[in-house]
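Let's take a walk through a protein model together. Keep the 3D view open and turn it as you read.

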Amino acid sequence: MNDKQHTIQAPVTVRGIGLHTGVEATMTFCPAPVGHGYKFQRVDMPGQPIVDADVDNVVDLSRGTTIEQNGARVNTVEHTLAALVGLQLDNVLIQLSGPEPPIMDGSSAEFIKAIETVGLQEQNALRNYYEIPESIRYVDNARGVEIAALPLSDYRLTVMVDYNSPVLGSQHATLTDIGLFGEEIASSRTFCFLHELEMLYKNNLIRGGDLSNAIVVVDRVVSDDELTDLAKMLGKPRVSVKKEGILNNVDLRHKNEPARHKLLDLVGDLALVGRPLKGQILAARPGHAANVAFAKRIKKKMLEARSNPVPVYDVHREPVMDINRIMQVLPHRYPFLLIDKVIHLDDQVVTAVKNVSMNEPFFQGHFPGNPVMPGVLQIEGLAQTGGILVMNTVPDPENYWQYFLGIENARFRKKVLPGDTIIYHCQLLAPIKRGIAKMRGQAFVNGKVVCEAEMSAAIVRKDA
């Protein structure tokens, strides 16, 4: 799995008809900055409103996953989002000229192929993984659905489907490495049963569906008259049934293609939690409604963790900024440079690390014989960490100073001793206005808060 955030190198466009709306649209994947995430933009509407790919914006699950925000709706987002997750992209703006992404061939493969023509761009920020901390479960006994997430150091998914059908019985699909999504899962197409087709048409769905972008499973005996009527409904000269119970539109790409497509849908729906995941996902008989309900449970856990954040420091991961890069941004030098590396940085949050050594100069005179790091220097470390955050908002930080304006609600919870590793974590409390930033900072040692404060700082041009 990638450590750094990624976007795409250049815009790339696909065109086609929407599966359920039947409306033709162009969809352009555009590069986006660090921390942007996945967002759709309805460029065909006044004001070109943005719709965040967020589980809280889901408004309809009648056949696919539909999101709505700012008066704009985007239908059937799951195949598009699955492609982005499979490519391990973090930041993409998806401009759409209609209400629904093109269905293409009914899978995610064409989206991946298009994006690969322009390539991926590494960004100077670590991926903001949400690591499943403990078992999370969702059960719908009425539908026989069960989905579970278990702690794991990477992202793996297993899906089981069982349709009680002589043609499409029990199937399993597994993805052991998200990096193999494009090779093993992306080409698996959407499917439905023959008995669902008439219902979908009557409900004004699959208006863009035809026999080139969906697998139709025939799970009962069909008369010649019914096949004739079906051909008329689909605008085809004729249709027939293959011996395995699949309409004669396509050949299966995998024996378990329906199960693989259900896994594809699950990947796309879980993208709506808003962060890349690390965990083992096990799903029995999943569908969009269950996927979204499960995604809401994961997001709830994420928000609970965010309200009391304990940053994770992986010593094996490359930092966002090493000490040399830090010194290009901050004016501080020995003995007053109090952070060693930055391990996370986006437009709202920064996390830095300080390794406290017995050789720190302040230990010579601060409680000799009982060395304790001065609280005021812990706050200074928080301030320097916050300085990295605010300087990240200006295009040429070398031309600016940042100055402390105030400290409020400072608290010291535990002693910091030689040998400790401090993790500094700062988050903006409000957008920066007129060069004034207000942040909440916390310092952690061994997962425990050692100090915290609210801080204000000003960004001032050096030539002002």
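**A pair of strands and the sheet around it**

Start with strand 3 (residues 24–31) and strand 9 (residues 92–96): they run antiparallel and are joined by five bridges. If you want a spot to zoom in on, find T28, which stands opposite Q95 in strand 9. Keep in mind that what you're looking at is a predicted model.

A quick bit of background helps here. Strands of a sheet pair through backbone hydrogen bonds, and they can do so in a parallel or an antiparallel way.

Now zoom out a little. Strands 3 and 9 belong to an open sheet of five strands, in the order 2-3-9-4-5, with mixed pairing. At its edges sit strand 2 (12–17) and strand 5 (50–52), each pairing on one side only. Going from neighbour to neighbour, the strands of this sheet are turned by 25° on average, direction ignored.

Two helices pack on this sheet. Helix 1 touches strand 3, strand 4 and strand 9, and its direction makes about 140° with that of strand 4. Helix 2 (residues 109–118) touches strand 2 and strand 3, and its direction makes about 160° with that of strand 2.

Next, pick out K39, which lies in strand 4 (residues 38–42). Which residues is K39 in contact with, leaving aside its neighbours within four places in sequence? The answer is I50, V51, D52, A53, V92, L93 and I94. With one of these, D52, the side chain of K39 makes a polar contact of 2.8 Å. K39 and L81 are 42 residues apart along the chain, and 9.9 Å separates their C-alpha atoms.

Helix 1 (residues 78–86) has another partner: its axis and that of helix 6 (residues 257–270) come within 7 Å and cross at roughly 80°. That's why helix 1 counts as roughly perpendicular to helix 6. Helix 1 brings E78, H79, L81, A82 and V85 to the contact, while helix 6 brings H261, L264, D265, V267, G268 and D269. Sorted by class, the contact has five nonpolar, three polar and three charged residues.

Finally, jump further along the chain to another open sheet, with six strands in the order 19-20-22-23-24-21 and antiparallel pairing. Its edge strands are strand 19 (341–345) and strand 21 (400–412), and each pairs on one side only. The twist from one strand to the next averages 25°. Within this sheet, strand 23 (residues 436–445) and strand 24 (residues 448–461) pair antiparallel over 10 bridges. To find your place there, look for I436, which stands opposite A458 in strand 24.

Key
Residues are numbered from 1 along each chain as its sequence is written. This is a predicted model: local features need pLDDT of at least 70, side-chain atom pairs count only at pLDDT 80 or more; totals for chains, interfaces and linings use all residues. Side-chain values use heavy atoms; hydrogens and water are left out. Two strands pair if DSSP finds at least two bridges between them. Helices (H or I, at least four residues) and strands (E, at least two) are DSSP runs, numbered from the N terminus. Axes are lines fitted to C-alpha atoms, for helices over the stretch in contact, and angles run from 0 to 180 degrees between N-to-C directions. Contact means heavy atoms within 4.5 Å. A polar contact is a pair of N or O atoms within 3.5 Å; within protein, one must be able to donate a hydrogen and the other to accept it, and residues adjacent in sequence count only if both atoms are side-chain atoms. Angles under 35 degrees count as roughly parallel, over 145 as roughly antiparallel, 65 to 115 as roughly perpendicular and the rest as oblique. Ala, Val, Leu, Ile, Met, Phe, Trp, Tyr, Cys and Pro count as nonpolar, Asp, Glu, Lys and Arg as charged, and the others, Gly among them, as polar.
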